[in-house]
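Okay, everyone, let's get started. Please have a look at the sequence and the model on the screen.

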Amino acid sequence: MTHPDASPSPRRPLAAVTVITEGVYRALVIEALLVLAAVPALLASSLLPAGPLGTALLVLAALPLLPAHAAALHAWSRRGTGGDLTPAADLLRGLRLSTADSLRLGLPALVLLAALTTVATTATSLQRGVLLAAAGVLALLLARGLTILARFRFRTVDVLRLAVHTLLARPLATLALLSLGILTVGSAVLVGAFVPLLCGSLLLLALSRSEAPVVALVEERFVA
């Protein structure tokens, strides 16, 4: 005799379709925000002349990417937490929570990155290597800091300290972060800047996944 509950349930394939649909929808909403935030930087890079003034204006034009980056990480962290499918609301909440913090953290970092790369263009080979290495470490710290402030509410100086600490305390996550950075820069240089832009949502999903050990570490040791 067959038990009534033994018949195959349609909920499992339906649940799989729901998860896929939710992921695609969330990716498209996040991608729309990233493209919108990148418009000022794209216009500035194509219209501004080379030189210190152009570099300074380009840094200002790139500022919207900082809160967009943090909000996207926040939105991806909300995936699968249950409740309604509201990626737009998750993004808006991420923007509200992290815009001020991301600008406080990211503006000095962008200015310093611009200065390092500008000086590197006129430096000797050895000096250029040192400057670009410093710029790479600074970029890693910025990315790690945005990951932390997208999930937690700390003072900017504490976010920076945690970023430095976790780069050393979670070497595998740092290696994954470095790999994503190389992939992003390499695709932009070899193919075009449109590649990381159009794949930005998926890159940030990969970043959110790879930074999970860092989030767990901060939650365990530094959140009461």
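I'll talk about two helices, then one residue, then a ring pair.

First, a bit of housekeeping: this is a predicted model, where local features need pLDDT of at least 70 and side-chain atom pairs count only at pLDDT 80 or more, while totals for chains, interfaces and linings use all residues. Residues are numbered from 1 along each chain as its sequence is written, and side-chain values use heavy atoms, with hydrogens and water left out.

So, the helices (DSSP runs of H or I, at least four residues, numbered from the N terminus). Helix α5 covers residues 125-151, and it packs against α6 at an angle of about 115°, with the axes 9 Å apart. The axes are lines fitted to C-alpha atoms over the stretch in contact, and angles run from 0 to 180 degrees between N-to-C directions. That makes α5 roughly perpendicular to α6 (65 to 115 degrees).

Who touches whom? In α5, the residues in contact (heavy atoms within 4.5 Å) include L140 and I148, and in α6 they include V159 and L162.

Now V157, which sits in α6, residues 156-169. Is V157 buried or exposed? Partly exposed, at 38% relative accessibility; buried means under 20%, exposed over 50%, and partly exposed lies in between, using a 1.4 Å probe and protein chains only. The C-alpha atoms of V157 and L105 are 8.4 Å apart, though 52 residues separate them along the chain.

Last one: F152 is buried, with a relative accessible area of 9%.

Methods:
Helices (H or I, at least four residues) and strands (E, at least two) are DSSP runs, numbered from the N terminus. Angles under 35 degrees count as roughly parallel, over 145 as roughly antiparallel, 65 to 115 as roughly perpendicular and the rest as oblique.
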